[in-house]
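Student: Please take one part of this predicted model and look at it closely, working outward from a single residue to the strands and loops around it.

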Amino acid sequence: MPSHSRTGYSDALPDTVGYDLGFLQPWSYQTYFDDFNIFTAAQWTVTETQAGATQLGASGDGGWYQTVNSAASGDYSTIQHGVSGVSPVQFFIDSSTDWGFVAKFKVDNVATGPICVLGLQAAVATPDTPVNGVYLITGALGAISFSMTKASVTSTVLTSGLMAADTFAEVGFFYDANKSIVKVYKDGAQIAEQSTLTNIPLISTGLGTTISLKNATAAARTMTVDYVMATKRRMAQWS
């Protein structure tokens, strides 16, 4: 049973604008969330190696985004939100504020090592080797890694998480500014942490939500995403 309050709940401190409003301050965090009940390609920057790749909304519980890649080894099918005039740049992160990312996704095959990338990146044609970003990346046999890239220099931690073929998993990462550490999660459990922060992108570098599939062999692969969320604390604690 949920908790109830006729007067509401507030997380604002006394003498601030939200103190008497009776609800949690939605402006404390900048958040982008997409449940893919509707997928509109025109709202995303789409990059693909060959025109045979598709990026579509798919029928599924809660609404899905699905890409079926073209069939050559090394082919990309990528969508990015918040990296260009299609959807203006949205996230500017650094080590002074909390930020994080969550996605639920699956890929039809892991044995041949298709590369899935999910996270925040600057506009890029090759999301597995970006110039700037914080992101999760899958590799051989579904192994999950977390990477931070600044000016094409990357630090990566291999997690204990593994994807299973054609099986949804919720993955994500959260940066705790108070502890100066990134924690990485899969299906409700922590699978890694990263305290080497040298390659957090500069705050002047804008990042956007990135979803990408790259073939590792000459066979078309399918990646399906149920939802994505990116968030950043945008104000000081007293705001």
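Tutor: Leaving aside residues up to four places away in sequence, Val225 touches Phe36, Gly63, Trp64, Tyr65, Lys104, Phe105, Leu118 and Ile211. In this predicted model, Val225 is also among the residues with the most contacts inside the largest nonpolar core, a set of 42 residues in which Phe146, Phe173 and Ile211 share that distinction. The element that gives the most to this core is strand 6, residues 99–107, with five residues.

Two of the contacts of Val225, Leu118 and Ile211, lead into a sheet, for Leu118 stands opposite Ile211 in strand 14. The strands concerned are strand 7, residues 115–121, and strand 14, residues 208–214, which run antiparallel and are joined by seven bridges. Both belong to an open sheet of seven strands with antiparallel pairing, whose order is 2-5-14-7-8-9-10. Strand 2 (45–48) and strand 10 (153–162) each have a single partner strand and stand at the edges, so one side of each is left without a neighbour in the sheet. On average, and with direction ignored, neighbouring strands here are turned by 15° against each other. As a general point, side chains in a regular strand alternate between the two faces of the sheet.

Other contacts of Val225, including Trp64 and Tyr65, point towards strand 4, residues 64–68, which is joined to strand 3, residues 54–58, by five bridges in an antiparallel arrangement. Within that pairing, Gln55 has Thr67 of strand 4 as its bridge partner. The two strands form a hairpin with five residues between them, and Gly62 in the turn has a positive phi of about 90°. Strand 4 also pairs with strand 15 in the antiparallel sense, over four bridges, and here the bridge partner of Val68 is Thr222 in strand 15.

The loop between strand 14 and strand 15 (222–233) holds Asn215, which is buried, with a relative accessible area of 2%. Apart from residues up to four places away in sequence, Asn215 touches Asn69, Ser70, Ala71, Ala72, Ser73, Gly74, Asp75, Ala220 and Arg221.

Two further loop residues deserve a careful check of their backbone angles. Most residues other than glycine have a negative phi. Ser180, which is not a glycine, nevertheless has a positive phi of about 55°, and its place is in the loop between strand 11 (169–176) and strand 12 (181–186). Asp187 likewise has a positive phi, near 50°, and lies in the loop between strand 12 and strand 13 (189–194). Ser180 counts as partly exposed at 35% relative accessibility, and Asp187 is partly exposed with a relative accessible area of 45%.

For the setting of these parts, the protein chain has zero helices and 15 strands. Its radius of gyration is 18 Å, close to the 18 Å that the globule rule gives for 239 residues, so the chain is as compact as a globular protein of that length. Along its principal axes, the C-alpha trace spans about 60 × 40 × 35 Å. Of the 239 residues, 49% count as buried, and among contacts between residues at least 6 apart in sequence, 66% join residues at least 24 apart. The chain exposes about 11100 Å², of which carbon and sulfur atoms supply 56%.

Definitions and conventions
Residues are numbered from 1 along each chain as its sequence is written. This is a predicted model: local features need pLDDT of at least 70, side-chain atom pairs count only at pLDDT 80 or more; totals for chains, interfaces and linings use all residues. Side-chain values use heavy atoms; hydrogens and water are left out. Two strands pair if DSSP finds at least two bridges between them. Axes are lines fitted to C-alpha atoms, for helices over the stretch in contact, and angles run from 0 to 180 degrees between N-to-C directions. Buried means under 20% relative accessible area, exposed over 50%, partly exposed in between (1.4 Å probe, protein chains only). Contact means heavy atoms within 4.5 Å. A nonpolar core is a set of buried Ala, Val, Leu, Ile, Met, Phe, Trp, Tyr and Cys residues joined through side-chain atoms within 4.5 Å. The radius of gyration is taken over C-alpha atoms; the globule rule is 2.2 Å times the number of residues to the power 0.38. Accessible areas come from the Shrake-Rupley method with a 1.4 Å probe; for residues, only the protein chains shown count as cover.
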